[in-house]
Amino acid sequence: SSPNKKDFLVVGIGASAGGVKAIQDFFATMPPNSGMAFVVILHLSPDHESNLREIVQTLTTVPVTLVNETHKVEPNNIYVIPPNRHLEMADGVIRSMSPLGEQGARVAVDVFFRTLAEEYKNNAVCIVLSGTGTDGTLGLKAIKERNGWAIAQQPDEAEYDSMPRSAISTGIVDWVLPVREMPESLLKFRDSSERLHLTADGGEQDDTQKVAAEIQADESLREILTVLRVRTGHDFSNYKKPTLIRRIARHLQIHDLEDIPAYLEFLRENPDEIHSLLKNLLINVTNFFRDKDAWTALQNQVVPNLFAGKKSGDMVRAWSCGCASGEEAYSLAVI
């Protein structure tokens with residue numbers, strides 16, 4: 001197999017206060033041969049964190065590694081954040097780095113989820129457990145943008161519920177579950193991914209074509225779009241088909257349904273599902289300086305001409321025609 005094969009699920013687990021108990025419950029119920037890799041990001045006091053590896057290792061036969069250097073990410077392994085560090089993914093490896101900025105520890109989960117999204121795309125899973133604050137919410141959005149998977153702990157079970165509540169408030173979390181039910185849902189998700197070829201190791205295009213063949217063989221896709229249009233007023237008929245197919249296929253997995261006709265029936269009987277699907281189809285995929293070539297051309301050819309011959313008192317106005325969450329407007333301002 002290639003050294004950086006990414007055809008297995010990588011599960012990022014983010015927590016802070018009250019998180020140790022939740023992490024223990026999770027690994028106590030996760031079978032050792034899941035075929036997934038797990039990364040635990042927890043921010044607590046340094047003395048607490050330093051024995052996290054030992055705490056987790058007492059609950060499982062899966063090797064647990066404290067990430068003090070660079071490690072290749074392997075299935076059936078658990079990786080744990082060291083005290084006062086951040087973790088990031090790159091090229092099939094995980095490495096630790098110094099926290100970003102003064103308040104580094106408070107965004108450790110976001111930092112890791114973002115790099116996990118970038119690296120593992122539709123094989124990335126994020127779980128937000130007990131904790132104070134909102135760490136994990138921005139990173140979760142990045143995971144969902146790249147068609148990954150998001151799970152939050154049921155808030156009334158969490159010792160501190162603000163981290164899971166913040167994640168759930170995005171409206172794009174796939175499952176809200178008690179911790180001990182998460183492993184079973186992940187295993188079902190893994191199996192249905194294999195059934196729907198969503199994790200086939202053949203590049204994203206091939207996966208999409210396989211799923212597309214299954215779905216387009218059926219008129220149900222068109223009917224789903226009709227239901228969405230009638231119930232929500234949103235017309236997705238000109239939307240990118242691979243994106244539609246992939247996101248709809250994910251909803252089959254959420255509800256453990258066999259095929260698209262079954263999902264169509266489910267959609268018609270559950271008005272809440274229509275809004276859930278709508279939110280997932282409208283996930284805003286954006287980045288700073290997205291479409292690099294266009295930004296480079298703007299920077300090198302357009303902007304110098306705009307400023308040519310201008311004095312300090314002159315004004316230059318720039319207008320961004322798309323501004324969902326500000327990345328394009330800010331990128332323009334930076335240039």
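# A tour from strand E6 to helix H12

Start by selecting His86, which stands opposite Met97 in E7. This is a predicted model, in which local features need pLDDT of at least 70 and side-chain atom pairs count only at pLDDT 80 or more, while totals for chains, interfaces and linings use all residues. Residues are numbered from 1 along each chain as its sequence is written, and side-chain values use heavy atoms, with hydrogens and water left out.

**The whole chain**

Show the protein chain with its secondary structure, which comes to 14 helices and ten strands. Helices (H or I, at least four residues) and strands (E, at least two) are DSSP runs, numbered from the N terminus. Of the 335 residues in the protein chain, 47% count as buried, meaning under 20% relative accessible area (over 50% is exposed, in between is partly exposed; 1.4 Å probe, protein chains only). The protein chain exposes about 16400 Å², 50% of it supplied by carbon and sulfur atoms; accessible areas come from the Shrake-Rupley method with a 1.4 Å probe. Among contacts (heavy atoms within 4.5 Å) with a separation of 6 or more, 69% are accounted for by residues 24 or more positions apart.

**The three-stranded sheet**

Select E4, E7 and E6. These three strands form an open sheet in the order E4-E7-E6, with antiparallel pairing; two strands pair if DSSP finds at least two bridges between them. At the edges are strand E4 (70-72) and strand E6 (86-90), each pairing on one side only. From one strand to the next the twist averages 25°.

Now keep E6 and strand E7 (residues 93-97), which pair in the antiparallel sense over five bridges. Helix H4 (residues 108-120) packs on this sheet and touches E6 and E7, its direction making about 5° with that of E6. Such angles run from 0 to 180 degrees between N-to-C directions, and axes are lines fitted to C-alpha atoms, for helices over the stretch in contact.

At the other end of the pair, Ala90 has Val93 in E7 as its bridge partner. E6 and E7 form a hairpin with two residues between them, and Asp91 in the turn has a positive phi of about 50°.

Show the side chains of E6. In a regular strand the side chains alternate between the two faces of the sheet. Here His86, Glu88 and Ala90 point one way, Leu87 and Met89 point the other way, and all are buried. Five of the five residues of E6 are buried, so E6 is largely enclosed by the rest of the structure.

**The seven-stranded sheet**

Next, select the strands of the parallel sheet. Seven strands form this open sheet in the order E3-E5-E2-E1-E8-E9-E10. Strand E3 (64-66) and strand E10 (175-177) are the edges, each with a single partner strand, so one side of each has no neighbour in the sheet. The twist averages 20° from one strand to the next.

Zoom in on strand E8 (residues 124-128) and strand E9 (residues 149-153), a parallel pair with four bridges. Ile127 has Ile151 in E9 as its bridge partner. Add H4 again: H4 lies across strand E1 (10-15), strand E2 (37-42) and E8, running at about 170° to E1. Then add helix H7 (residues 182-195), which packs on the sheet, touches E1, E8, E9 and E10, and makes about 170° with the direction of E9.

**Helix H5**

Select helix H5 (residues 137-145): seven of its nine residues are buried, so H5 is largely enclosed by the rest of the structure. The buried ones are Thr137, Gly139, Leu140, Ala142, Ile143, Lys144 and Glu145. They pack against H4, E8, E9, helix H6 (162-168), helix H10 (241-254) and H12. After H5 comes Asn147, with a positive phi near 65°.

**Helix H12 and two partners**

Two packed helices are described by the angle between their axes and the distance between the axes. Select helix H11 (residues 260-269) and helix H12 (residues 271-281), whose axes come within 5 Å and cross at roughly 115°. H11 and H12 are therefore roughly perpendicular to each other (65 to 115 degrees; under 35 is roughly parallel, over 145 roughly antiparallel, the rest oblique). Tyr263, Phe266, Leu267 and Glu269 of H11 make the contact with Pro271, Glu273, Ile274 and Leu277 of H12. By class, this contact of H11 with H12 has six nonpolar, no polar and two charged residues. Nonpolar covers Ala, Val, Leu, Ile, Met, Phe, Trp, Tyr, Cys and Pro, charged covers Asp, Glu, Lys and Arg, and the others, Gly among them, are polar.

Finish with helix H9 (residues 220-232): the axes of H9 and H12 come within 11 Å and cross at roughly 100°. That makes H9 roughly perpendicular to H12. Ile224, Val227, Leu228, Arg231 and Thr232 in H9 meet Ile274, Leu277, Leu278 and Leu281 in H12. By class, the contact of H9 with H12 has seven nonpolar, one polar and one charged residues.
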